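Trainee: Can you walk me through this one? I am new to it.
Mentor: Sure. Take a look first, then ask away.

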Amino acid sequence: MNKLNDLHSDQMKTDRPDFHAGDTLDVHQRIVEGNKERIQIFTGVVIQVKGTGVGKTFTIRKISNGIGVERIFPLNSPFIDKIVRVKEGKVRQARIYYFRQRRGKSARIQEVRKRK
């Protein structure tokens with residue numbers, strides 16, 4: 001297993017922030033259309049973080065025009081320009097699938113306040 005980690009260590013991204021379920025993230029994804037390139041920002045709440053190493057993925061959910069949209073991003077994807085943690089949420093579970101059924105005020109996640 002150690003040899004496998006050494007093999008994939010060059011593909012691992014080190015500039016990614018530490019986050020967990022309940023956090024609100026801005027994912028800046030590079031989109032290539034023909035010979036043009038642009039950055040698209042996907043903002044939402046982390047539902048789950050899955051896997052380890054190169055295969056680590058995370059799922060983000062947001063509400064767009066009243067419809068829930070979920071996207072699964074590979075953490076080490078070369079198309080992800082940067083990830084910004086907007087808010088740190090306080091949840092008690094590692095996978096918050098119950099969040100899919102929530103609407104309105106019950107869909108709020110308590111924010112962790114840092115002391116300075």
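**Fold, pocket and rings**

Mentor: Reading along the sequence, you meet the pattern α-β-β-β-β-β. Keep in mind that this is a predicted model.

Trainee: How many helices and strands does the protein have?
Mentor: There is one helix, and there are five strands.

Trainee: What does the C-alpha trace span along its principal axes?
Mentor: About 45 × 40 × 30 Å.

Trainee: And what share of the residues is buried?
Mentor: Of the 116 residues in the protein, 28% are buried.

Trainee: What about contacts between residues far along the chain? What part do those 24 or more positions apart make up?
Mentor: Take the contacts with a separation of 6 or more. Residues 24 or more positions apart account for 52% of them.

Trainee: New topic: pockets. How much space lies in the largest pocket?
Mentor: About 320 Å³.

Trainee: Which residues lie nearest its centre?
Mentor: Val45, Phe99, Ala107, Arg108 and Ile109. The whole lining has 19 residues.

Trainee: Which elements give two or more residues to that lining?
Mentor: Strands β2 (36-50) and β3 (57-64) do. β3 gives the most, with three residues.

Trainee: What is the lining of the largest pocket like by class?
Mentor: Eight residues are charged, six are polar and five are nonpolar.

Trainee: Back to Ala107. Where is its place?
Mentor: Ala107 sits in the segment after β5 (80-87).

Trainee: Buried or exposed?
Mentor: In between. Ala107 has a relative accessible area of 22%, so it counts as partly exposed. Buried would mean under 20%.

Trainee: What does Ala107 touch?
Mentor: Phe99 and Arg102, if you leave out residues up to four places away in sequence. Phe99 is also among the residues nearest the centre of the largest pocket.

Trainee: What else is in the segment after β5?
Mentor: Glu111, for one. Glu111 is partly exposed, at 36% relative accessibility. Beyond its neighbours within four places in sequence, Glu111 contacts Lys87 and Glu88.

Trainee: How are Glu111 and Thr52 separated?
Mentor: They are 59 residues apart along the chain, and their C-alpha atoms are separated by 26 Å.

Trainee: Let's move to the rings. How many aromatic pairs are there?
Mentor: Three. One of them joins Phe19 and Phe58. That pair is edge-to-face, with 5.0 Å centre to centre and 75° between the planes.

Trainee: Why does that pair tie together parts that are apart in sequence?
Mentor: Look at where the two residues lie. Phe19 is in the loop between α1 (2-8) and β1 (24-33), while Phe58 is in strand β3, so the pair links parts that are 39 residues apart in sequence.

Trainee: Are those two buried or exposed?
Mentor: Phe19 is buried, and Phe58 is buried too.

Trainee: Which residues form the aromatic cluster?
Mentor: Phe19, Phe42, Phe58 and Phe73 form one cluster.

Trainee: What lies over the face of Phe42?
Mentor: Arg71, at 5.6 Å from the ring centre.

Trainee: Does Arg71 come up again? Which residues is Thr59 in contact with?
Mentor: Arg71 is one of them. Leaving aside neighbours within four places in sequence, Thr59 also contacts Val45, Val46, Ile47, Gln48, Glu70 and Ile72.

Trainee: Where is Thr59, and is it buried or exposed?
Mentor: Thr59 is in strand β3. Its relative accessibility is 4%, so Thr59 counts as buried.

Trainee: Now the loops. What about the one between β3 and β4 (67-74)?
Mentor: Asn65 is found there. Asn65 has a positive phi of about 55°, although it is not a glycine. At 79% relative accessibility, Asn65 is exposed.

Trainee: And the loop between β2 and β3?
Mentor: Gly51 has its place there. Gly51 is partly exposed, with 45% relative accessibility.

Trainee: How far is Gly51 from Leu75?
Mentor: Their C-alpha atoms are separated by 9.8 Å. Along the chain, Gly51 and Leu75 are 24 residues apart.

Note on methods:
Residues numbered from 1 in each chain as written. Predicted model: local features only at pLDDT ≥ 70, side-chain atom pairs only at ≥ 80, totals over all residues. Heavy atoms only, no water. 1 Å grid on protein atoms, 1.4 Å probe; cavity = no way out; pocket = protein on both sides within 12 Å on 5 of 7 lines; lining within 4 Å. Points joined across faces, edges and corners; volume = space filled by probe spheres on them. Helix = DSSP H or I, 4+ residues; strand = E, 2+ residues; numbered from the N terminus. Nonpolar A, V, L, I, M, F, W, Y, C, P; charged D, E, K, R; others polar. Phe/Tyr/Trp six-rings, centres within 6.5 Å; stacked < 30°, edge-to-face > 60°. Buried < 20%, exposed > 50% of the residue type's maximum accessible area, 1.4 Å probe, protein only. Lys NZ or Arg CZ within 6 Å of the ring centre and 35° of its normal. Contact = heavy atoms within 4.5 Å.
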